[in-house]
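Subject: Structure for your files, with notes

Hello,

Here is the structure we talked about handing over. My notes on helix packing, the ligand and the domains follow below it.

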Amino acid sequence: MNVADLYNLLKENNVSCFCGVPDSLLKDFCAYITDNTEEKNHTITANEGNAIALASGHYLATGNPAVVYMQNSGIGNCVNPLLSLTDEEVYNIPLLMLIGWRGEPDKKDEPQHIKQGKVTDKLLEVMGIKYEIMPEDFQIAKPMIENAFKYMKETNAPFAFIVRKGTFEKYSLKNKKQNTSEFKREEAIETVIKNLSEKDIIVSTTGHISREVYETRNRLDQSHKQDFLTVGSMGHSSSIALGIALQKSNRKVYCFDGDGAFLMHQGAIIVNASKNLSNFKHVVFNNEAHDSVGSQPTSINVANISQIALNSGYKKAYSVSTKTDLLEILPEFISDNCAALLEIKVKCGAREDLGRPKEKPQENKTLFMEHLNG
Ligand SMILES: Cc1ncc(C[n+]2csc(CCOP(=O)(O)OP(=O)(O)O)c2C)c(N)n1
């Protein structure tokens with residue numbers, strides 16, 4: 001399907017608000033929205049639940065349903081607002097969801113998507129949300145989309161389209177707003193790893209960052225035993241790291257986060273800080289984008305991560321954007337006797353041939369636990 005055809009049909013049906021969290025399966029459509037919608041009418045939210053809420057606000061203000069896009073892993077983040085805000089037994093608010101179907105049964109995908117893929121349709125059913133699978137052919141999809149708008153008008157209920165891999169034709173984002181850093185994320189990751197000891201632990205976030213940690217260990221001929229790769233569960237790495245750091249005071253625990261993941265559950269930051277552990281170290285690789293799923297911008301450019309950290313209760317915070325500055329700051333950050341955060345400003349993009357972990361998540365867990373508790 002051509003993304004412009006879909007976009008124009010949505011506009012014809014009075015959609016003037018698009019919001020959500022980007023997904024690799026929807027990246028062409030997300031890119032088209034980014035390029036063609038004025039900022040006021042397109043919001044990349046911190047998490048998918050926020051998108052449902054924003055769409056609800058839009059409906060209250062205009063009487064028109066908004067479009068909310070997300071990966072199916074984001075359904076978990078929006079169960080609460082779908083059941084206690086938009087549901088017909090509460091406020092009964094219409095919105096059109098576009099959900100990328102990672103882990104579709106019988107299609108090859110990464111382990112973190114398999115379960116979510118199996119239950120995606122069932123989750124919608126159990127929540128009482130009517131849905132269709134989006135056909136690839138626009139001419140077939142068109143009457144279905146028009147029916148969805150009719151249904152929303154009649155019932156005021158949300159409606160969802162599940163979108164299979166390969167549904168959309170290619171569209172490349174033109175309006176890329178990138179930060180000015182020249183520092184490559186994989187190089188930054190390698191620089192930090194080279195300065196850690198064998199006892200140190202890394203809990204890395206979803207997407208390219210975990211893949212680059214994995215590849216860096218291979219390149220340095222090191223074991224993966226020190227690394228917990230949070231392949232799913234975006235935004236929760238720092239809480240996993242906190243859970244470990246609270247129990248293992250003799251181990252330094254480093255959370256390797258992304259700015260999108262940092263934003264997604266930013267409330268965790270204050271809780272991390274409240275424990276003020278000398279062995280808890282938070283590193284945020286900030287490229288101001290959801291790089292792993294198409295480089296759509298996050299909103300982090302209006303904020304200052306190291307200031308957020310200090311205002312949230314971390315005792316120390318640093319920000320660097322070059323390898324020289326990183327190397328200079330690392331010894332102090334590593335030896336700080338308090339909860340500390342280091343922001344590393346990096347540029348968007350990853351290697352074309354970036355690999356993925358070969359071991360299954362449970363193999364990663366077993367090796368990691370043996371090392372941590374050995
Ligand atoms: C709940 C949830 N929503 C969306 C996704 C899809 N997703 C995977 S990685 C990613 C982007 C992460 O961005 P960031 O943390 O800034 O790291 P970067 O990719 O830029 O390195 C997204 C949106 C997901 N895995 N889980």
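Helix H7 passes helix H13 in a right-handed crossing. This is a predicted model, so please read everything below as computed from it. H7 covers residues 185–194 and H13 covers residues 323–335. Their axes come within 11 Å and cross at roughly 25 degrees. An angle under 35 degrees counts as roughly parallel, which makes H7 roughly parallel to H13. On the H7 side the contact is made by Glu187, Ala188, Thr191 and Val192. H13 answers with Lys323, Leu326, Leu327 and Leu330. By class, the residues of this contact divide into 5 nonpolar, 1 polar and 2 charged.

H7 also packs against helix H8, which spans 208–219. Here the axes lie 10 Å apart, and the angle is about 55 degrees. H7 and H8 are therefore oblique to each other. The crossing of this pair is right-handed. H7 brings Arg185, Glu186, Ile189, Glu190 and Ile193 to the contact, while H8 brings Glu212, Val213 and Thr216. The contact of H7 with H8 holds 3 nonpolar, 1 polar and 4 charged residues.

A further helix pair is H3 (residues 48–62) and H4 (residues 75–86). The axes of H3 and H4 come within 6 Å and cross at roughly 30 degrees. That angle is under the 35 degree limit, and H3 and H4 are therefore roughly parallel to each other. From H3, the contact takes Glu48, Gly49, Ile52, Ala53 and Ser56. From H4, it takes Asn77, Cys78, Asn80, Pro81, Leu82, Leu85 and Thr86. These residues divide into 6 nonpolar, 5 polar and 1 charged.

Now the ligand. Which residues are the closest to it? They are Gly207, Gly258, Gly260, Asp291 and Ser292, out of 24 residues that surround the ligand. The shell is made up of 14 polar, 7 nonpolar and 3 charged residues. Helix H8, helix H10 (259–264) and strand E11 (289–290) each supply at least two residues of this shell. H10 gives the most, with 3 residues. H8 thus appears twice in these notes: in the contact with H7 and in the shell around the ligand.

Last, the domains. The domain assignment of the protein chain gives domain 1 (3–163) and domain 2 (185–373). Each of the two supplies at least three residues to the shell around the ligand. The centres of domain 1 and domain 2, taken over C-alpha atoms, are separated by 31 Å. How many residues does each domain put into the contact between them? Domain 1 gives 14 residues and domain 2 gives 17.

On the domain 1 side of that contact, helix H2 (27–36) and helix H5 (111–126) are the elements that give two or more residues. H2 has the largest share of that side, 4 residues. By class, the side of domain 1 that touches domain 2 has 6 nonpolar, 5 polar and 3 charged residues.

If you want a place to begin on screen, I suggest the ligand shell, where domain 1 and domain 2 each contribute at least three residues. From there you can follow H8 to its contact with H7, and then H7 to its contact with H13.

Regards

Note on methods:
Residues numbered from 1 in each chain as written. Predicted model: local features only at pLDDT ≥ 70, side-chain atom pairs only at ≥ 80, totals over all residues. Axes fitted to C-alpha atoms, helices over the stretch in contact; angles between N-to-C directions. Parallel < 35°, antiparallel > 145°, perpendicular 65-115°, else oblique. Left-handed = near helix turned anticlockwise from the far one by under 90°. Contact = placed C-beta atoms within 7 Å. Nonpolar A, V, L, I, M, F, W, Y, C, P; charged D, E, K, R; others polar. Near = placed C-beta within 6 Å. Domains from an automatic or database assignment.
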